[in-house]
Amino acid sequence: MKQSLKLTGLAVVLGVAAAPAAAQEKIKIGVITTLSGPAAVLGQQSRDGLQLAIKDLGGKMAGKDVEVVVVDDELKPDGAVTKVKGLLEREKVDFVVGPIFSNILQAIHRPVTENKTFLISPNAGPSSYAGKECNPFFYVTSYQNDQVHEILGKVAQDRGYKRMYVLVPNYQAGKDSAAGFKLDYKGEIAEESYTPLGTLDFQVELTKISSSKVDALFTFMPGGMGVGLVKQYRQAGLADKIPVLSAFTVDESTLPAQQDAAVGMFGGANWAPDMDNPQSKKFVAAYEAAYNSVPGTYAMQGYDTAMLIDSAVKAVKGDLKNKDAVTAALKKAEFTSLRGDFKFNVNGYPIQNFYLTKVAKRPDGKFQTEIVEKVFSNYGDRYAKDCAAK
């Protein structure tokens with residue numbers, strides 16, 4: 001793959017081409033994701049997974065060169081709106097991929113969909129767009145935000161935990177996570193703590209957890225927040241006393257920083273690097289070779305997003321002017337997902353399997369999550385019933 005880089009104040013343009021091509025002959029994909037601050041590793045994995053897929057496709061879709069334009073949303077909703085408008089109006093992208101965080105998605109959803117441009121989220125999947133507000137120009141390749149947290153709620157219920165402490169950040173995805181956990185968990189929530197987004201010091205919360213006499217902690221702390229929490233939790237001597245059931249707190253984006261502090265902690269996911277299928281094994285090996293790190297769900301979902309787009313572009317033979325045809329092709333999702341079983345529900349969110357995972361240290365010294373058990377099979381979210389078919 002030959003890459004040409006053009007640096008601007010807003011974007012890095014990754015031109016993937018064997019030879020120069022007219023602009024209208026390219027497939028243009030705009031990626032808006034978090035690439036700065038404590039959460040940057042999440043966006044980097046998503047971007048890298050997508051770019052690895054483009055490389056595997058030979059830089060082409062339906063015989064046309066693919067150009068990827070990447071912008072950093074800086075985890076700022078207002079700035080994200082400005083940047084996504086640049087992708088739409090200046091770059092004239094055919095697809096917008098992103099973002100990581102739900103508050104950014106809520107900011108850019110309307111500008112993109114009202115422009116009749118396809119918005120595909122490789123991570124954020126808030127409840128707000130899964131039901132009545134579903135949209136024919138919006139698709140999610142990850143999950144509905146509640147679902148991963150539902151895994152931990154079901155596990156806590158099945159294991160007979162009587163009292164739980166809930167600790168999440170105070171934004172939409174955090175609220176969705178707590179709601180998702182409580183869908184299947186019927187025990188007592190001893191305390192529910194909502195911390196400001198970006199919190200890195202959890203001493204106050206750890207003191208409360210220590211004295212709360214709970215059976216386990218449920219938490220959702222992505223990125224740098226998860227790194228801080230896990231290290232402080234281990235240092236406080238709580239890891240061996242109060243089990244941690246988490247989502248996006250101990251995963252491949254945070255484990256390089258958490259390392260031994262995270263070993264043995266549980267998570268919920270739609271995939272893990274030890275997934276036993278040929279396409280996943282090939283992807284993990286290629287990703288580690290390319291980026292010298294273990295891929296997490298963010299990278300997997302980025303890869304699948306590119307393959308979804310490729311399937312639609314091929315189905316319409318590269319003609320993206322017929323929006324209805326592209327919509328129909330996206331709905332079919334005729335690609336081989338790294339996670340195995342995958343199809344879209346009527347609301348554009350996936351129907352898929354979900355797993356309980358556990359952090360392990362590999363023989364080579366790297367850390368990864370590994371599948372413990374399947375918790376849900378072919379599971380669609382609970383909001384799809386409110387979506388009139390797109």
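Colleague: Leaving aside its neighbours within four places in sequence, which residues is Met300 in contact with?
Modeller: Keep in mind that this is a predicted model. Close sequence neighbours, within four places, are set aside here. The residues in contact with Met300 are then Asn270, Trp271, Phe283, Leu338 and Arg339.

Colleague: Does Met300 count as buried or exposed, and what puts it in that class?
Modeller: Met300 sits in helix H10, residues 297-315. Buried means under 20% relative accessible area. Met300 has 0% relative accessibility, so it counts as buried.

Colleague: How far is Met300 from Ile151, C-alpha to C-alpha?
Modeller: Along the chain, Met300 and Ile151 are 149 residues apart. In space, their C-alpha atoms are separated by 19 Å.

Colleague: Which residues have the most contacts inside the largest nonpolar core?
Modeller: In soluble globular proteins, nonpolar side chains tend to be buried together. Here the largest nonpolar core has 52 residues. Those with the most contacts inside it are Ile32, Val96, Ile151, Leu152, Met164, Phe181 and Leu245.

Colleague: Which helix gives the most to this core?
Modeller: The contribution is five residues. They come from residues 145-158, which form helix H4.

Colleague: Where does this core lie with respect to domain 1 and domain 2?
Modeller: Domain 1 covers 27-143 + 276-348, and domain 2 covers 146-269 + 356-379. Both domains give residues to this core. It therefore lies between domain 1 and domain 2.

Colleague: How many residues does another core, apart from this one, have?
Modeller: Leu50, Phe118, Ile309 and Leu330 are among the residues of that other core. It lies apart from the largest one. Its count is 42 residues.

Colleague: What distance separates the centres of domain 1 and domain 2?
Modeller: The centres are taken over C-alpha atoms. The distance between them is 27 Å.

Colleague: How many residues does the contact take from domain 1, and how many from domain 2?
Modeller: Each domain is counted on its own side of the contact. Domain 1 gives 19 residues. Domain 2 gives 20 residues.

Colleague: Leaving aside neighbours within four places in sequence, which residues is Leu245 in contact with?
Modeller: Leu245 is one of the residues with the most contacts inside the largest core. Its contacts include Leu152 and Met164, which are on that list too. The full set is Leu152, Val155, Ala156, Tyr161, Met164, Leu217, Phe218, Thr219 and Phe266.

Colleague: Is Thr219 buried or exposed?
Modeller: Thr219 is in strand S11, residues 216-219. Its contacts, leaving aside neighbours within four places in sequence, include Leu167, Leu229 and Leu245. With a relative accessible area of 0%, Thr219 is buried.

Colleague: How far apart in space are Thr219 and Val166, C-alpha to C-alpha?
Modeller: In sequence, Thr219 and Val166 are 53 residues apart. In space, the value is 5.9 Å.

Colleague: At what angle do helix H2 and helix H3 pack?
Modeller: Two packed helices are described by the angle between their axes and the distance between the axes. For H2 (residues 77-89) and H3 (residues 102-114), the axes are 9 Å apart. H2 passes H3 in a right-handed crossing. The angle is about 35°.

Colleague: How do the residues of the contact of H2 with H3 divide into nonpolar, polar and charged?
Modeller: H2 brings Pro77, Ala80, Val81, Val84 and Leu88. H3 brings Asn103, Ile104, Ala107, Ile108, Pro111 and Val112. They divide into 10 nonpolar, one polar and no charged.

Colleague: Is Thr82 buried or exposed?
Modeller: Thr82 is found in helix H2. Exposed means over 50% relative accessible area. Thr82 has 52%, so it is exposed.

Colleague: Which residues does a cis peptide bond join?
Modeller: Omega of this bond is about 0°. One partner, Pro99, lies in the loop between strand S6 (95-97) and H3. The bond joins Gly98 and Pro99.

Colleague: What is the phi of Glu74?
Modeller: Glu74 is found in the loop between strand S5 (64-72) and H2. It is partly exposed, with a relative accessible area of 35%. Glu74 is not a glycine, yet its phi is positive, at about 55°.

Technical notes
Residues numbered from 1 in each chain as written. Predicted model: local features only at pLDDT ≥ 70, side-chain atom pairs only at ≥ 80, totals over all residues. Heavy atoms only, no water. Core = buried A, V, L, I, M, F, W, Y, C linked by side-chain atoms within 4.5 Å. Buried < 20%, exposed > 50% of the residue type's maximum accessible area, 1.4 Å probe, protein only. Helix = DSSP H or I, 4+ residues; strand = E, 2+ residues; numbered from the N terminus. Domains from an automatic or database assignment. Contact = heavy atoms within 4.5 Å. Axes fitted to C-alpha atoms, helices over the stretch in contact; angles between N-to-C directions. Left-handed = near helix turned anticlockwise from the far one by under 90°. Nonpolar A, V, L, I, M, F, W, Y, C, P; charged D, E, K, R; others polar.
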